[in-house]
Amino acid sequence: MTYRVVQWGTGNVGKHALAGVIANPDLELAGVWVSGPAKDGIDAGTLAGLDDPVGVAASMDTDAILAARPDCVVYCSMTDNRLMEALADLRRILSAGINVVACAPVFFQYPYGVLPDDLLKPVQEAAAQGNASLWVNGIDPGFANDLLPLALAGTCLRIDQLRCIEIVDYASYDNREVMFDIMGFGKPLDDIPMLLQPGVLSLAWGGTVRQLAAGIGVTLDAVTETYQRIPADRSFDIATGHIAEGTAAALRFEVRGMVGAEPVTVLEHVTRLHPDLCPDWPQPAHHEGSYRVEITGEPSYAMDLVTSSRNGDHNHATLLATAMRIVNAIPAVVRAPAGILTALDLPLITKPAQR
């Protein structure tokens, strides 16, 4: 069966998702939605970085895009700084009877116990109205901290703690708004960015620790968060700008799923802009970065996932992996019952877009 698909957004993740849709013989590209006139009317092949056109022009006309009646939308629009608009997009798409796979908003990876009812219920109602499904995933939040750890968990007699860690050099990550405004790199340490405002870490990654707990059959008493920021000891440049000496250049945070006083499921990020910063923090398995799963129990495990690509560095590889995690799930999501889906609801996804 062939599924008709609309690509919604063609930024850092969206352009890879678009290429994945075009490459998949089981998917038919029915349209491409873009947010600005610079891309309006541009052929999808060009936006995906391909050599040849594919005969589908991008459009800013939402009504026309939805009128194409695709089976699924691949939603890759920026959401961090336009959350309410993104939620409105999702409600409109779902209520029109169109399934959605998306890389954001990330709290929909597992929104239960995380998202307030006034934000969650309208999306659930839209899905019910349209008899459509929503699945949000990627790499982190995503398969690095749901699929991989839960697969290992199934081989344990006992689990005392399940910890997932992203240890990555972000210097080449090409999104200035995320790097400077949302994560606060290059800013004075007393300037608290959006990501580190009270409750935001738990909103973004609280679903991760709650889903892990649900997967291993644990009921959490609370979710807590903590972070540490370290200044640059010298000035240097990254892909998106200049990091001045004394401004934020490394970030470590944890979101902890607590049972009593014990952290049982933990999501940790160790983010550097230069590899020699914070040598006492956890080090990656590869100099560019790795995703680590640590299980303390019987047996115990430590597993590192290292991404790479012939076409770019680790950041390129993880953006591509994020895109393909959702694109390759389209058939399963379309076939699934209506509603908000999590990794606990879907079968194992093994089929790549291009064969």
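## A proline to start with

Where is the place of proline 105? Look in the loop between strand E5 (99-102) and H5. This is a predicted model, so treat everything below as a description of a prediction. What makes that loop worth a visit is the bond between alanine 104 and proline 105: the peptide is cis, with omega at about 0°.

There's another cis peptide bond to look up, from aspartate 140 to proline 141, with omega near -5°. To find proline 141, go to the loop between strand E6 (133-136) and helix H6 (147-153).

## The parallel sheet

Now for the strands. Seven of them line up as an open sheet with parallel pairing, and the order is E3-E2-E1-E4-E5-E6-E15. At the edges sit strand E3 (58-59) and strand E15 (339-341), each with pairing on one side only.

Zoom in on E1 and E4, which are next to each other in that order. Strand E1 (residues 3-8) and strand E4 (residues 72-75) run parallel and are joined by four bridges. If you want a spot to click on, try valine 5, whose bridge partner in E4 is cysteine 72.

## Two helix pairs

Helix H4 (residues 83-95) and helix H5 (residues 117-130) have axes that come within 7 Å and cross at roughly 20°. Angles under 35 degrees count as roughly parallel, so that's what H4 is to H5. The crossing of H4 past H5 is left-handed. On the H4 side, the contact is made by Met84, Leu87, Arg91, Leu94 and Ser95; H5 brings Leu119, Pro122, Val123, Ala126, Ala127, Gln129 and Gly130. Sorted by class, that contact of H4 with H5 comes out as eight nonpolar, three polar and one charged residues.

The other pair is helix H1 (residues 14-23) with helix H9 (residues 314-327): their axes come within 8 Å and cross at roughly 50°. That angle is why H1 is called oblique to H9. Here H1 passes H9 in a right-handed crossing. His16, Ala17, Gly20 and Val21 of H1 meet His316, Leu319, Leu320, Ala323, Met324 and Val327 of H9. The class count for H1 with H9 is seven nonpolar and three polar residues, with no charged ones.

## The C-terminal domain and the mixed sheet

UniProt, in an unreviewed entry, lists residues 145-349 as "domain: 2,4-diaminopentanoate dehydrogenase C-terminal". Over residues 145-349, the chain is 25% helix and 34% strand, and the C-alpha atoms at the ends are 15 Å apart.

An open sheet of six strands has the order E8-E11-E12-E7-E13-E14, and its pairing is mixed. Its edge strands are strand E8 (222-231) and strand E14 (301-305), each paired on one side only. From one strand to the next, the twist averages 10°. Within this sheet, take a look at strand E11 (residues 248-259) and strand E12 (residues 262-272), which pair in the antiparallel sense over 10 bridges. Along that pairing, leucine 251 stands opposite threonine 271 in E12.

## Two positive phi values

Two more loop residues deserve a stop. Arginine 69 isn't a glycine, yet its phi is positive, near 55°. Arginine 69 is in the loop between helix H3 (62-67) and E4.

Asparagine 131 isn't a glycine either, and its phi is positive at about 50°. You'll find asparagine 131 in the loop between H5 and E6.

Methods
Residues are numbered from 1 along each chain as its sequence is written. This is a predicted model: local features need pLDDT of at least 70, side-chain atom pairs count only at pLDDT 80 or more; totals for chains, interfaces and linings use all residues. Side-chain values use heavy atoms; hydrogens and water are left out. Axes are lines fitted to C-alpha atoms, for helices over the stretch in contact, and angles run from 0 to 180 degrees between N-to-C directions. Angles under 35 degrees count as roughly parallel, over 145 as roughly antiparallel, 65 to 115 as roughly perpendicular and the rest as oblique. A crossing is left-handed if the near helix is turned anticlockwise from the far one by less than a right angle, and right-handed if clockwise. Contact means heavy atoms within 4.5 Å. Ala, Val, Leu, Ile, Met, Phe, Trp, Tyr, Cys and Pro count as nonpolar, Asp, Glu, Lys and Arg as charged, and the others, Gly among them, as polar. Two strands pair if DSSP finds at least two bridges between them. UniProt positions are given in the numbering used here, feature names are shortened, and annotations may be inferred rather than shown by experiment.
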